[in-house]
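Please look through the sequence and the model shown here before reading on. The report takes up a few single residues, then the whole chain, a metal site and the pockets.

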Amino acid sequence: MVIMDKKVVEEFVQKKLINDCSGHDFMHVQRVVNMALKLSNQVPASDKDIVLLSAYLHDIIDEKVVVDVDKAKILLNEKLNQWNISSSKIGKIFEIIENISFSKNLEKKYELSIEGQIVQDADRIDAIGAIGIARAFYYGRHIGNPLHDTKFSARSNLTEKSYREENTVINHFHEKLLKLEELMNTDIAKDIAKERTIFMRDFLKRFYQEWNGEK
Ligand code: ADP
Ligand code: NI
């Protein structure tokens, strides 16, 4: 990172996420940071400081991770000031981390900066493929949703509110995970997502075969 020591940011984020058991732990953040950096290297016009800081901080003001979102935002703003990040950069970072989530973009699509598009792609890549499968079941267990149950059907036209209502983990693949490939912003993320989506489709095919006693 050009503007400051990344160890300081890492320590801050690590502390915030230490108790997470919903799949938004520090290891998730590190994967998103690494992926965001990889994508950013393919997009020369992107500001690496904004990409890195937003990737590190993208989950610490999320309702899934913190109890009081407004308080978390105030604390983060104070931290960024303490780290001498300019108010223009702080504004850009908040603009990204407040608007990249899947649920926020269900009813209207936020226009994100190129750095926001990169961090959103990196976060979404971590929700698909083998890691995505593991995280979906882990998160499903965390919120007490069933694995698979044919009495639930996959919903279309989801809203921010209905997205969080009870359903099965398997339906989550149809409602979100299989759709992410199409929603990627950058070409490089689209290529990565394509391959990971094939892997998820194979997994689901096999899951249904075993469920139905065919394998
Ligand atoms: P965002 O932060 O973009 O709104 P989500 O909250 O939808 O994203 O998802 C964060 C992680 O939790 C992802 O890996 C996602 O697949 C998983 N997840 C979210 N909702 C569910 C659900 N109902 N069942 C299983 N996994 C879920
Ligand atoms: Ni995330």
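## Two asparagines in loops

N84 counts as exposed because its relative accessibility is 70%, and the cut-off for exposed is over 50%. This is a predicted model, and the values here are computed from it. N84 sits in the loop between α4 and α5, the latter being residues 87–97. The phi angle of N84 is near 65°, which is a positive value in a residue other than glycine.

N157 is another residue with a positive phi although it is not a glycine; its angle is about 50°. Its place is the loop between α7 and α8. With a relative accessible area of 75%, N157 is exposed.

## The chain as a whole

What secondary structure does the protein chain have? There are 11 helices and zero strands, so the pattern read along the sequence is written with the letter α throughout, as α-α-α-α-α-α-α-α-α-α-α.

The C-alpha trace spans about 60 × 35 × 30 Å along its principal axes. A compact globule with 215 residues would have a radius of gyration near 17 Å, and the 18 Å of the protein chain agrees with that. Of the 215 residues, 48% count as buried.

## Three pairs distant in sequence

Residues that are well separated along the chain can be compared by the separation of their C-alpha atoms. The table lists three such pairs.

| Pair | Separation along the chain | C-alpha separation |
|---|---|---|
| I198 and G129 | 69 residues | 8.2 Å |
| Y56 and V13 | 43 residues | 7.0 Å |
| G23 and I131 | 108 residues | 10.0 Å |

One member of each pair can be placed further. I198 belongs to helix α11, residues 187–211, and is exposed, with a relative accessible area of 51%. Y56 is in helix α3. Is Y56 buried or exposed? At 2% relative accessibility, Y56 counts as buried, since the cut-off for buried is under 20%. G23 is found in the loop between α1 (6–16) and α2, and at 5% relative accessibility G23 also counts as buried.

## The nickel site

Which residues are the protein donors of the nickel ion (ligand 2)? They are H28 and H58, each through NE2, and D59 and D123, each through OD. These donors lie 2.1 to 2.4 Å from the nickel ion. In sequence, the donor residues are spaced H-x29-H-D-x63-D. The two histidines link distant parts of the chain, being 30 residues apart. H28 is in helix α2 (residues 26–41), while H58 is in the loop between α3 (48–57) and α4 (69–82). Both H28 and H58 are buried.

The angles among the four donor atoms of the nickel ion run from 84 to 171°, and the site is irregular. Why is the site not called tetrahedral? Four donors count as tetrahedral if all angles lie between 85 and 135 degrees, and the range of 84 to 171° goes outside those limits.

## The two pockets

The largest pocket has a volume of about 840 Å³. How many residues line the largest pocket? There are 43, and those nearest its centre are H24, K64, Y163, R164 and K176. Several helices contribute to the lining of the largest pocket: α4, α6 (114–125), α7 (129–142), α8 (160–163) and α9 (169–175) each supply at least two residues. The largest share, five residues, comes from α7. By type, the lining of the largest pocket divides into 12 nonpolar, 14 polar and 17 charged residues.

The second largest pocket holds about 240 Å³ of space. Its lining has 13 residues, and F102, N105, L106, K179 and L183 lie nearest its centre. The lining of the second largest pocket divides into four nonpolar, four polar and five charged residues.

Technical notes:
Residues numbered from 1 in each chain as written. Chains lettered and ligands numbered in written order. Predicted model: local features only at pLDDT ≥ 70, side-chain atom pairs only at ≥ 80, totals over all residues. Heavy atoms only, no water. Donors = N, O, S within 2.8 Å, 3.2 Å for Na, K, Ca; no water. Tetrahedral: all angles 85-135°; square planar, octahedral: opposite > 155°, others 65-115°. Helix = DSSP H or I, 4+ residues; strand = E, 2+ residues; numbered from the N terminus. Buried < 20%, exposed > 50% of the residue type's maximum accessible area, 1.4 Å probe, protein only. 1 Å grid on protein atoms, 1.4 Å probe; cavity = no way out; pocket = protein on both sides within 12 Å on 5 of 7 lines; lining within 4 Å. Points joined across faces, edges and corners; volume = space filled by probe spheres on them. Nonpolar A, V, L, I, M, F, W, Y, C, P; charged D, E, K, R; others polar. Rg over C-alpha atoms; globule rule 2.2 N^0.38 Å.
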